[in-house]
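Here is a short briefing on a protein complex. Please look over the sequence and the 3D view before reading the points below.

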Amino acid sequence: MYQYDEYDQDFVEQRARQFSRQVERRISGELTEDQFKPLRLMNGLYLQLHAYMLRINVPYGCLSSAQMRKLGHVARLYDKSYGHLTTRQNMQLNWIRLTDMPQILLELASVEMHGIQSSGNCIRNITADEYAGVAADEVEDPRIYCEFLRQWSSLHPEFSFLPRKFKFAVTGSPNDRAAVKAHDIGLRLYRNDQGEVGFEVFVGGGLGRTPFIGKLIRDFLPTEHLLSYCEAILRVYNQLGRRDNKYKARIKVLVHETGEEAFRELVEKEWEAIRDGTLSLPEEDVALIRARFAPPKYEDLEDDTPSLESQRAENPGFNDWMDQQLAEHKQAGYTIVNISCTPIGKPPGDISSEQMESVADLAETYSFGEMRVTHNQNLVFTDVRKKDLFSLWQDLVKVELATPNHGLISDTICCPGLDYCALANARSIPLAEKISTAFADQERQKEIGEIYINMSGCINACGHHHVGNIGILGVDKKNTELYQLMLGGSAKEDASLGKILGPGFDEDGVVTAIEKLIDIYLDLRKDGETFLETHRRLGDGPFKERLYSAPS
Amino acid sequence: MARLRKDFTVPLLKNGKITEDAFTRVTGETDFPSTGALIVDLTSWQEHRSELLGRADPIGIELAAGESPSEIADDLGNLSLVALDFPAFSDGRAFSSARLLRERYHFKGEVRAVGDVLLEQLHFMSRVGFDSFVLDSEDPVQEWLIAQDDLNLWYQPTEDGRITVRQKRRG
Amino acid sequence: MAQVVIANRLRDGIVVFLGTNHTWVEQLQDCTPSESKEDGQRLMDISQEAADQQEIVDPNLIEVEKRGQTWHAIKMREEMRAKGPTVREDLGKQAGN
Ligand code: SF4
């Protein structure tokens with residue numbers, strides 16, 4: 001994976017020192033809270049319900065063992081020995097002391113990490129396909145371009161005070177695992193008919209109060225123009241995006257209000273003026289960065305791994321895990337392994353310091369010291385030899401990271417909600433725990449098949465509820481928590497938004513309602529249909545009718 | 001952390017040094033002094049263009065945050081200064097305006113930041129082409145001078161002449 | 001209904017309540033909520049002073065009520081702050097840490 005050179009390292013250290021001085025000035029009273037707040041936010045530090053929360057960037061989800069070990073250490077020493085993996089592939093620590101921040105930032109900088117731009121109205125951490133660089137279905141490695149975007153967007157002098165936050169997602173595969181159409185800018189690398197590689201550029205996607213699917217504003221952007229084209233989009237947005245109303249300030253509203261065609265013209269016109277300037281990416285620069293992502297030294301292995309059959313036969317737990325957790329690797333004899341951080345009955349995405357340290361060790365043993373954070377709040381080992389799978393599984397069992405629920409109903413996406421978040425209207429984690437408990441039975445989960453349940457504790461939609469096959473939105477109704485259900489959302493290449501189905505439920509009611517919806521689906525599905533496919537065929541109608549009419 | 005005041009009194013931080021301000025700001029007025037460097041708003045400029053051009057002394061225009069430099073592009077040759085307003089420090093439109101002035105329209109005069117600006121924004125501002133800042137008279141000038149050197153590594157090419165990380169890597 | 005000021009301590013962000021003699025306490029039970037509506041402004045004045053002294057940030061007056069022997073915040077959100085996350089009963093004020 002990418003490693004900092006002296007410049008990247010110096011940059012992060014300078015920034016850490018700058019923030020340390022700001023903390024000192026705050027504590028001495030030179031800065032008031034009003035003055036300090038934007039500065040701490042620009043460094044990822046929020047004040048949440050119980051304490052300060054630090055959001056640490058994991059650039060496009062890539063994490064080394066050394067970094068994971070450091071996160072475990074920081075969480076133990078400066079927090080309460082756990083962290084939370086977010087839907088933006090970052091890690092959050094929930095109990096940070098302001099006075100520890102200078103020290104924490106230095107610790108993080110020592111492993112090339114920081115919280116720069118993890119908050120604020122700027123370009124946030126770039127997210128990407130969690131299998132980037134290793135997926136069998138990948139056209140081109142998106143990490144190279146993510147890295148260009150990361151550098152270009154780091155303290156961008158022109159775009160650090162945008163109308164609102166700005167999120168990028170990038171994939172290099174036709175199978176979208178990065179939800180590119182749910183981002184301010186979504187990029188998909190592909191090869192055109194002439195065999196050239198370029199991007200499809202989607203703009204104006206996003207969830208929150210007014211959800212939109214991103215619009216395709218350019219169907220082929222040669223890779224060398226990536227930065228100039230993005231600069232053109234951002235410049236149009238920075239000048240014209242609404243600043244009068246926080247809820248209308250995202251680029252999706254500008255695109256919507258301007259009209260797709262007119263917006264495209266604005267961007268293309270701006271781009272014409274800058275396209276061949278200093279932002280173009282000549283092949284020699286790309287080659288420099290590509291070299292930093294050189295694949296690890298794979299062994300020459302047979303793809304066929306006979307030992308697995310007997311290990312599966314003798315170990316039902318291993319067998320279940322094998323059924324769910326693997327994804328196809330481009331290299332023979334290797335596989336991608338999904339590691340669930342969403343155990344039955346526990347908060348999705350929470351991981352203890354001990355687990356972080358174990359995972360760091362295991363990645364060194366089994367995956368060239370590299371892993372990924374996924375937008376489903378789980379982890380991925382990118383490069384595991386198939387013949388090591390049984391041994392890896394045994395080691396994961398020991399640290400309670402072997403839940404075999406990848407893509408199944410208990411593998412929910414869930415924001416922190418009212419248990420932690422200052423903006424929340426309702427709790428979301430207890431609901432996730434109850435749902436995974438209700439569907440704990442592995443056979444039943446397999447019978448139900450692929451389904452995504454996403455939940456958020458408020459309209460900001462950090463839990464991506466609109467794009468869940470079943471989405472759950474928590475609201476506050478007269479000081480009690482109420483949950484609204486929506487069906488039919490998808491975050492993949494066939495992206496769609498769910499709509500509210502009907503009256504909401506209380507916490508237990510929503511679990512019962514989901515069980516009913518699943519029963520309805522099992523009853524109505526045709527051979528091999530997923531929940532989403534059945535819903536797409538039939539619409540809300542039968543689900544709504546039977547859910548709300550059934551005697552409860 | 002300072003706020004830049006709109007009445008251009010003292011002190012003026014220009015090209016990294018505290019400098020005397022030669023300009024007087026006259027906005028919303030029609031009675032222009034016959035001598036002395038002036039800054040007028042866009043409307044005054046549009047209404048009294050020929051009168052203002054007839055004066056011998058330097059002239060500058062102040063653009064509000066929503067006003068695009070393209071509106072004065074043809075006049076830039078006659079201007080010594082463009083002031084860009086920040087109605088709030090979080091309103092970053094003027095960052096784009098400054099770059100357009102420098103990079104699109106090749107304006108060589110002074111580009112001045114006015115309004116609500118954080119000291120922490122100073123390094124962003126110098127990169128997009130601002131070269132002068134009006135400090136509040138109570139500001140700790142020393143801190144503004146220090147803040148100029150908070151960071152000295154840049155990933156983004158602008159036309160401010162600073163070497164970017166990409167250029168350093170190429171050697 | 002009784003009221004009390006809730007805030008976060010500047011240096012560590014921990015939730016605190018305005019106790020007697022201008023002190024800030026970590027447990028809701030350790031402060032004496034004011035039963036008088038008119039008292040609000042006085043409590044907020046004290047809090048503002050503490051904010052100006054870099055002691056606390058974001059002071060807010062909240063409503064509390066006594067159930068049995070213990071005080072509880074009326075709003076779910078403030079009750080969460082007074083106790084700690086419901087999904088981690090081993091953490092926060094409910095666990096005494
Ligand atoms: S969706 Fe709302 S409650 Fe959940 S983390 Fe985001 S802001 Fe907080």
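The points below go from the main chain to the interfaces and then to single residues.

This is a predicted model. Chains A and B share the most contacts of the 2 pairs of chains that touch. Chain C also contacts chain A, through 24 of its own residues. Chains B and C do not contact each other.

**Chain A: build and shape**

- Chain A contains 18 helices and 20 strands.
- The radius of gyration of chain A is 23 Å, and the globule rule gives 24 Å for 552 residues, so chain A is as compact as a globular protein of that length.
- The C-alpha trace of chain A spans about 60 × 60 × 60 Å along its principal axes.
- In chain A, 67% of the 552 residues count as buried.
- Take the contacts in chain A with a separation of 6 or more: residues 24 or more positions apart make 67% of them.

**Chain A: surface and charge**

- About 19,200 Å² of chain A is exposed. Carbon and sulfur atoms supply 49% of that area.
- Chain A carries 63 positive and 83 negative charges. The mean positions of these two sets lie 7 Å apart.

**Where chain A meets chain B**

- At this interface, 47 residues of chain A contact 33 residues of chain B.
- The two chains bury about 3,600 Å² between them. Carbon and sulfur atoms account for 54% of this area.
- On the chain A side, A:Tyr7, A:Pro157 and A:Phe161 supply 21% of the area buried against chain B, more than any other three residues.

**Where chain C meets chain A**

- Here, 24 residues of chain C contact 31 residues of chain A.
- The area buried between chain C and chain A is about 2,300 Å². Carbon and sulfur atoms give 62% of it.
- In chain C, the residues that lose the most area to chain A are C:Arg11, C:Met76 and C:Val87. Together they make up 27% of what that side buries.
- Chain B stays apart from chain C: their closest C-alpha atoms are 16 Å from each other.

**A closer look at C:Ile74**

- C:Ile74 sits in the loop between strand 5 (70-73) and helix 2 (76-83) of chain C.
- The relative accessible area of C:Ile74 is 26%, so this residue counts as partly exposed.
- C:Ile74 and C:Met1 are 73 residues apart in sequence, yet their C-alpha atoms are 9.5 Å apart in space.
- Leaving out residues up to four places away in sequence, C:Ile74 touches C:Met1, C:Glu63, C:Val64 and C:Glu65, and across the interface it touches A:Asn479.

**Two loop residues of chain A with positive phi**

- A:Asn479 is not a glycine, but its phi is positive, at about 65 degrees.
- A:Asn479 lies in the loop between strand 18 (470-477) and strand 19 (480-487) of chain A.
- A:Asn479 has a relative accessible area of 22%, so it counts as partly exposed.
- A:Gln377 also has a positive phi, near 65 degrees, and is a residue other than glycine.
- The loop that holds A:Gln377 runs between strand 14 (370-373) and strand 15 (379-385) of chain A.
- A:Gln377 has a relative accessible area of 1%, so it counts as buried.

Technical notes. Residues numbered from 1 in each chain as written. Chains lettered and ligands numbered in written order. Predicted model: local features only at pLDDT ≥ 70, side-chain atom pairs only at ≥ 80, totals over all residues. Heavy atoms only, no water. Helix = DSSP H or I, 4+ residues; strand = E, 2+ residues; numbered from the N terminus. Rg over C-alpha atoms; globule rule 2.2 N^0.38 Å. Buried < 20%, exposed > 50% of the residue type's maximum accessible area, 1.4 Å probe, protein only. Contact = heavy atoms within 4.5 Å. Areas by Shrake-Rupley, 256 points an atom, 1.4 Å probe, with all protein chains shown as cover. Lys, Arg positive; Asp, Glu negative; His and termini not counted. Charge placed at Lys NZ, Arg CZ, Asp CG, Glu CD. Buried area = accessible area lost by both parts, 1.4 Å probe.
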